[in-house]
Amino acid sequence: MTAIPMEVADPFELMHPERRKDPYSGYARMLREAPVHFFEPWGAWLVARYADVNASFRDMRLLSARTGQFSAGMSEEVRKMMEPLARNLSSWALFLDAPSHTRLRGLINKAFTPRMVEALRPRIRALVEELLDAARGKERVEVISELANPLPVIVIGEMLGLPREDRHRLKRWSDQLAGLIGTGRPTPEQVKEGLNAILEFEAYFRMLIAQRRTQPGNDLLSGLVHSEEQGSLLSEQELLSTCTMLLFGGHETTTNLIGNGLLALLRHPEQWELLRASPELLPNAVEEFLRYDPPVQFTNREAKVDMEIGGQAIRKGDRVMLMMAAANRDPAQFKDPEKLDVRREELRHMTLGMGPHYCLGAALGRMEAQETFAALLRRFPHLKLEPGATVDWMDNAGFRGLLALPVVLGAEAR
């Protein structure tokens, strides 16, 4: 293993704004030179190799991320200000371990069984068509704001029973929260915005939860309010946290999956044509998009005991970041990992995690992406990137997504 020079604070430019355009060349170097190393700016061990990431996801000695990381190094005054944020995040299933995780996930899973998710397909298909109908007659559209953003927030909003007209402010709060969760170590400004988002989310859901207690409906929110697992109901904080997590996770990653996947396809027109000719490859293609340019680049764990990962000694309490996006480009696992191949056979990517914390909404996100790409390929077979358009990425190391994706539609198929 090549040693990292001590004077280099960010050897793989993880924090450099220009690296948002292409983090993968840095990951390739990381895989070659330092597949497990301590990254001082984030105060964490970074784990990049596929085999190590896969094993770490299943290792019960690694706990889910502790929310105390967000206030590390901050004053007592700031820590106190952040208490509502810590309370909310610490009750996310994503940040819990057994037995609390098992109980909470058992309740949520009831709404995300394959059968229940598949029953949503006709509605999702209709929503995609509705959003694309709005583009009829246009020569150009901006895919993120007109399709990739609204679709998943409408879907998860309808599942929860939220008014459709609220989607714009829900999206704004979610973006503020992403700025906090998706960074190795957030700035005070990101903490402030994340706190504001949590307060707004909780006030919004507190009102709706009170309504559902007396006037339940057939939506997921009503189900959570009145559901029971092993003889216990969700506390109000668990309800508020779970609603926030579902709203955030239910659209942020799917938006980025659609945007990142479409950009990859348009930059590889031979793959677009292959899918046009063989639409039955779409489920496989969505898995390749998840591997090739994942919407979530890494996730956090904390060492429960002294242990070893990839030959490095990890101490109890150390923070460990599993670099899924790097693992997805590991040549030891994937042939030609830098190549986009919608026919790829080896697709056991790390994007959705492994083990007990495997992504709760995986089936829903996959379906939304499949239906979106199917409709675009069918209705706009000559879709192209707008000539000369600049492609800008979110300034976020953990969540990878486009700010905008301008395209030329071409003639609509009849």
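Let's start at serine 64, which has a relative accessibility of 1% and so counts as buried, the cut-off being under 20%. This is a predicted model, and serine 64 is a handy way into it. The residue sits in strand β3, which runs over residues 62-64. Which residues does serine 64 touch, once those up to four places away in sequence are set aside? They are Leu94, Phe95, Leu96 and Asp97, along with Asn300, Arg301 and His357.

Now zoom out to the whole chain. The protein has 18 helices and ten strands. Its radius of gyration is 21 Å, and the globule rule gives 22 Å for 414 residues, so the protein is as compact as a globular protein of that length. Measured out along the principal axes, the C-alpha trace spans about 60 × 60 × 35 Å. Of the 414 residues, 57% count as buried. If you take the contacts with a separation of 6 or more, 74% of them come from residues 24 or more positions apart.

As for the outside, the accessible surface comes to about 18000 Å², and carbon and sulfur atoms own 53% of that. Charges are next: there are 52 positive and 56 negative side chains, and the centres of these two sets lie 2 Å apart.

Back to the details, this time among the helices. Take α10, residues 167-181: its 15 residues reach 20 Å from the first C-alpha to the last, close to the 21 Å expected at 1.5 Å a residue. Its buried residues include Leu170, Lys171, Trp173 and Ser174, and the run from Gln176 through Leu177, Ala178, Gly179 and Leu180 to Ile181 is buried too. What covers the buried residues of α10? The cover includes α4 (83-89), α11 (188-214), α13 (236-249) and α14.

That last helix, α14, takes in residues 252-267. Its 16 residues should span 22 Å at 1.5 Å a residue, and the end C-alpha atoms are 23 Å apart, which agrees. Helix α14 is mostly covered, with 14 of its 16 residues buried.

One loop residue is worth a look here. Asparagine 149 is found in the loop between α8 (143-148) and α9 (150-160). Leaving out neighbours within four places in sequence, asparagine 149 is in contact with Ile144, Lys171 and Thr255. Asparagine 149 and threonine 255 are 106 residues apart along the chain, yet their C-alpha atoms are separated by 5.3 Å.

Note on methods: Residues numbered from 1 in each chain as written. Predicted model: local features only at pLDDT ≥ 70, side-chain atom pairs only at ≥ 80, totals over all residues. Heavy atoms only, no water. Helix = DSSP H or I, 4+ residues; strand = E, 2+ residues; numbered from the N terminus. Rg over C-alpha atoms; globule rule 2.2 N^0.38 Å. Buried < 20%, exposed > 50% of the residue type's maximum accessible area, 1.4 Å probe, protein only. Contact = heavy atoms within 4.5 Å. Areas by Shrake-Rupley, 256 points an atom, 1.4 Å probe, with all protein chains shown as cover. Lys, Arg positive; Asp, Glu negative; His and termini not counted. Charge placed at Lys NZ, Arg CZ, Asp CG, Glu CD. Expected span 1.5 Å × (residues − 1).
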